Amino acid sequence: FLGEDHPHFARTRSNFAHVLLDRGRGREALAQFRRVLPVVEKASGPGSPEAVSVLTNMAMAQSQMEDHE
């Protein structure tokens with residue numbers, strides 16, 4: 001069993017967050033990306049391309065939330 005702090009689990013959670021984002025559920029997507037970020041930073045480093053990708057996705061989710069307010 002892979003725990004929530006395993007990079008493969010984080011990738012799955014990130015994919016789920018993308019689905020939420022695509023469905024206009026930015027707040028829920030952002031919450032998922034926030035859970036992914038520390039796992040990715042621990043596995044790949046805070047400045048890694050993977051971490052930057054998560055941060056970009058978080059910004060997109062935040063932007064979507066602001067558009068819907």
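Where does helix 2 bend, and which proline follows within four residues? Keep that in mind as you open this predicted model and start clicking.

**Stop one: helix 2.** Select residues 26-44. The bend, about 25 degrees, sits at V36, and the proline that follows is P38. Now pick the two end C-alpha atoms: they are 25 Å apart, which agrees with the 27 Å that 19 residues should span at 1.5 Å a residue. Step just past the helix and you'll land on G45, which has a positive phi near 105 degrees.

**Stop two: the buried side.** Still on helix 2, colour G26, A29, L30, Q32, F33, V36, L37, V39 and V40, which are buried. Bring back helix 1 and helix 3, as both are among what covers those residues.

**Stop three: M58.** Jump to helix 3, residues 49-67, and select M58. Its relative accessible area is 14%, so M58 counts as buried, the cut-off being under 20%. Beyond its neighbours within four places in sequence, M58 is in contact with L30, F33, R34 and L37. For a distance label, try M58 to R35: their C-alpha atoms are separated by 11 Å, with the two positions 23 residues apart along the chain.

**Stop four: the largest pocket.** Switch on a pocket display and look for about 240 Å³ of space. Of its 13 lining residues, select R11, V36, V40, E50 and V54, the closest to the centre. Helix 1 (7-22), helix 2 and helix 3 each give two or more residues to the lining, and helix 1 has the largest share, with five. Colour the lining by class and you get six nonpolar, five polar and two charged residues.

Technical notes:
Residues are numbered from 1 along each chain as its sequence is written. This is a predicted model: local features need pLDDT of at least 70, side-chain atom pairs count only at pLDDT 80 or more; totals for chains, interfaces and linings use all residues. Side-chain values use heavy atoms; hydrogens and water are left out. Buried means under 20% relative accessible area, exposed over 50%, partly exposed in between (1.4 Å probe, protein chains only). Contact means heavy atoms within 4.5 Å. On a 1 Å grid over the protein atoms alone, a cavity is a set of points where a 1.4 Å probe fits but cannot get out, and a pocket is an open set with protein on both sides within 12 Å along at least five of seven lines; lining residues have an atom within 4 Å of a point. Grid points are joined across faces, edges and corners, and a volume is the space filled by probe spheres set on the points. Ala, Val, Leu, Ile, Met, Phe, Trp, Tyr, Cys and Pro count as nonpolar, Asp, Glu, Lys and Arg as charged, and the others, Gly among them, as polar. The expected span of a helix is 1.5 Å times one less than its number of residues. The bend at a residue is the angle between axes fitted to the seven residues ending there and the seven starting there.
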